[in-house]
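Me: Please give me a close look at a single part of this structure, going slowly, since I am new to it. I would like to hear about the largest pocket and the strands that meet there.

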Amino acid sequence: MQYTDGSFADVKSISQQAMCRYWARTAGDLRFPSLDQFRPEARLHDPKQLIIWSVERRADGHTFRALYQGASVGEVFNSSWAGKSMDEVLPPALKEFGLAAAEQCVSSGCAIYNVFSTYNSGGHAIDCERLLLPLGREGRVEQMVGSLQLISMAGSFNRETVIRHFEWKMDVSCAIRIYASGGLRQSSQSTREEREAHRTS
């Protein structure tokens, strides 16, 4: 999958965008913050929608092992992920896509944002917005924080069975990477452009 550079303004979810900005502010002049530095308040983003992965290096790649799994994520996947690898817990239909995004996060040191969609039994779209944030020290990614948010503007879904729809059919509509410094810079530039547009309109 091809990833393009984006900014925080590209992140649809208000809480995910807020956490992305917090991640960048915490990083400061570094590529990304450490796990010790990354302490977002619960009001910034619901902990029930978060996963924390440790990054274990192998000769042929990485193993991503769950350190924390929020309750809402457990409901969607109907399983407990504590101590298990991403390769073990993701359904076959989502495994290649999920692992590739995690590898992209580690190799680039960027926030990775995806939107992928399916449909409920009534034919209404269900979107899943997935955000991965790299954490670590000295430019080495040691953990990733993941956020999963489900939304359906025109219909509804059952959290305990919605994963079956994504296994049946899934379309990816967004795949971007966001640098901690670049995201802030691009967002500031977009804000300035919007202000100029309002002045001239």
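Reply: A good place to start is Ile52, whose bridge partner in strand 6 is Val145. This is a predicted model, in which local features need pLDDT of at least 70 and side-chain atom pairs count only at pLDDT 80 or more, while totals for chains, interfaces and linings use all residues. Residues are numbered from 1 along each chain as its sequence is written, and side-chain values use heavy atoms, without hydrogens or water.

Strand 2 (residues 50-58) and strand 6 (residues 140-151) run antiparallel and are joined by 5 bridges; strands here are DSSP runs (E, at least two residues) numbered from the N terminus, and two of them pair if DSSP finds at least two bridges between them. Both belong to an open sheet of 7 strands with mixed pairing, in the order 1-7-4-5-6-2-3. At its edges lie strand 1 (4-5) and strand 3, each of which pairs on one side only.

Ile52 and Val145 also help to line the largest pocket, an open set of points on a 1 Å grid where a 1.4 Å probe fits, with protein on both sides within 12 Å along at least five of seven lines, its lining residues having an atom within 4 Å of a point. The other lining residues are Leu35, Phe38, Arg39, Pro40, Glu41, Ala42, His45, Pro47, Leu50 and Tyr68. By class, the lining has 9 nonpolar, 1 polar and 2 charged residues, with Tyr and Pro among the types counted as nonpolar, and Glu and Arg as charged. The space in this pocket is about 190 Å³, taken as what is filled by probe spheres set on the points.

Terms used
Helices (H or I, at least four residues) and strands (E, at least two) are DSSP runs, numbered from the N terminus.
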